[in-house]
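Student: I would like a close look at one residue and its surroundings, followed outwards into the rest of the fold. Please keep it to what the coordinates give.

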Amino acid sequence: MRLRNGVRVGAALAALVLAATACSTKGDDDRKDKQSGGVKSGPGVTDTTITLGALTDLSGPYAPLGKSIVNAQQLYVDEINAQGGICGRKLAITVRDHGYDVQKAVAAYTEIKGGVAGFPQVIGSAVVTALQDSLKQDRILTFPQAWPATLLNRPEIQIVGTTYDIDMINGMDFLAQAAQLKSGDKVGHVYFEGEYGENALAGAKFAAGKLGVQIVEQKIKATDTDLTAQIAALRGAGVKAILISAGPTQTATLVGFGAVAGLRVPVLTSAPGFHPQVMASAAAGALEQLLYVVSAAPAMGADIPAVKKLAADYKAKYPDGTLDQGVISGYNAMKIFGEDLKAACAAKDLSHAGIIAAHRQQKQMDTGLGTPEDFSDVTKPATYKSYILKPSKAAPGSLVVAKDAYEVPAAREYKLPAAG
């Protein structure tokens, strides 16, 4: 995910200003650390409450996803509070909608950072990139709802699951079989400019080199919805398969209009490229036939006990809610954060630094909602395993599992981009 290009300069300036602000307030936050019942606490932690933060998108291009993530995380909070909370304290979430605007997100972070123990949700690669220096200065554990490998190697930032490039390496292996690719064949890649698309492209190029195929690049902006030119270019190049790292609208347009134009080849999208809403469009038939989704999380329609329970609990609490991938992604992130808080409580340190330390000691976290994850090495993804999902209009969340989580051995050979 990324914001339109025009915001990047403003985001960079805002990040610099925010970093300076963080430097000046860091000492104030440290002085808020105190002992309560033998447990050291910090910002967002009182004798009765642990408050967490969410910088989300409820009014921008990823609003449907943002709503599902917020609801799923509130579902976890309500469940935990009904059990008595964590460390003798109830959980609460302070939610701010940034509408996928980096400057609004920076302002919201400045507003609430002094009153939260961590951020189990921040939507957007560009948003987290703009905040990264401040998160380092303020030492606040943060889980992005974004997966670029450029956010690795930061103790306070945790990508839950795989990264876009690793997903593409695994996904290309699957696509090679689905499309029966041979050495010398061409594979198209339509991708958003910025961290999301370009990180996915890096993984695709690595995999293409291993497979002996050629990537035909088609860069687009987040505002582009007419892909006529890209479809024509890919058809003209004779591609045998297509990758797309963009939004759900672009995915549906590419697959639907591509099929009409005679470009009926297997298409694989990154996880942010699909949402159940597209199955209500005229492209639904083509999506069911041609599209695959590579994701660190299983489908909401997966036959996994914890996933089935989550789907039932979510629909019971939010009967009008959509069972999209945001539900499983948001709940899983919140459950991991909850386990971190329990570990920090056991270590008697609920300060920002204490929560980060507790998180980084988790080497085999298994929530039942995907593959076990190792958070102890900040330089590597928490897992190298990806699921392959397939659209199905009849399934919960309109996705089913086409292939269980797996890892291509070559993924370990791939050189992850150095964090800046």
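Student: What is the relative accessibility of Cys 87, and what does the residue count as?

Tutor: This is a predicted model, in which local features need pLDDT of at least 70, side-chain atom pairs count only at pLDDT 80 or more, and totals for chains, interfaces and linings use all residues. Residues are numbered from 1 along each chain as its sequence is written, and side-chain values use heavy atoms, with hydrogens and water left out.

Cys 87 has a relative accessibility of 21% and therefore counts as partly exposed; buried is under 20% relative accessible area, exposed over 50% and partly exposed in between (1.4 Å probe, protein chains only). The structure holds one disulfide, a term for a pair of cysteine sulfur atoms within 2.5 Å. Cys 87 forms this bond with Cys 345, the two sulfur atoms being 2.1 Å apart. The torsion about the S-S bond of Cys 87 and Cys 345 is about 75°, so the disulfide is right-handed. It joins distant parts of the chain, 258 residues apart: Cys 87 sits in the loop between α2 (63-82) and β4 (90-97), and Cys 345 in helix α11 (residues 325-346). Helices (H or I, at least four residues) and strands (E, at least two) are DSSP runs numbered from the N terminus.

Helix α2, on one side of that loop, packs against helix α10 (residues 305-317), their axes coming within 11 Å and crossing at roughly 95°. Axes are lines fitted to C-alpha atoms, for helices over the stretch in contact, and angles run from 0 to 180 degrees between N-to-C directions. Helices α2 and α10 are therefore roughly perpendicular to each other (under 35 degrees is roughly parallel, over 145 roughly antiparallel, 65 to 115 roughly perpendicular, the rest oblique). From α2, Ser 68, Asn 71, Ala 72, Leu 75, Asp 78 and Glu 79 meet Leu 310, Asp 313, Tyr 314 and Lys 317 of α10; contact means heavy atoms within 4.5 Å.

Helix α11, which holds Cys 345, spans residues 325-346. Val 160, in the loop between β6 (142-145) and α5, is in contact with Asn 332 and Ile 336, and also with Phe 143, Trp 147 and Glu 373, leaving aside neighbours within four places in sequence. Val 160 is buried, with a relative accessible area of 11%. Its C-alpha atom is separated by 13 Å from that of Asp 377, 217 residues apart along the chain.

Helix α5 (residues 164-178) contains Asn 170, which counts as buried at 0% relative accessibility. Beyond residues up to four places away in sequence, Asn 170 touches Tyr 384, Lys 385, Ser 386, Tyr 406, Glu 407, Val 408 and Ala 411. Ser 386 leads into the sheet, being one of the residues of β13.

The sheet is open, with seven strands in the order β8-β7-β9-β10-β11-β13-β14 and mixed pairing; two strands pair if DSSP finds at least two bridges between them. Its edges are β8 (214-220) and β14 (399-406), each pairing on one side only. From one strand to the next the twist averages 20°.

Strand β13 (residues 386-391) pairs with β11 (residues 291-295) in the antiparallel sense over three bridges, with Val 293 opposite Leu 389 and Ser 295 opposite Tyr 387. Pairing of β13 with β14 is also antiparallel, over five bridges, and Pro 391 has Leu 399 as its partner there. Six of the six residues of β13 are buried: Ser 386, Ile 388 and Lys 390 point one way, and Tyr 387, Leu 389 and Pro 391 the other.

Strand β9 (residues 241-245) has five of five residues buried, so it is largely enclosed by the rest of the structure. Ala 241, Leu 243 and Ser 245 lie on one side, Ile 242 and Ile 244 on the other. Strand β9 pairs in the parallel sense with β7 (residues 186-192) over five bridges and with β10 (residues 267-270) over three. Tyr 191 stands opposite Ser 245, and Ile 242 has Val 267 as its bridge partner in β10. With helix α8 (residues 248-260), β9 and β10 make a right-handed β-α-β unit: with the strands pointing away from the viewer, the path from the first strand over the helix to the second runs clockwise.
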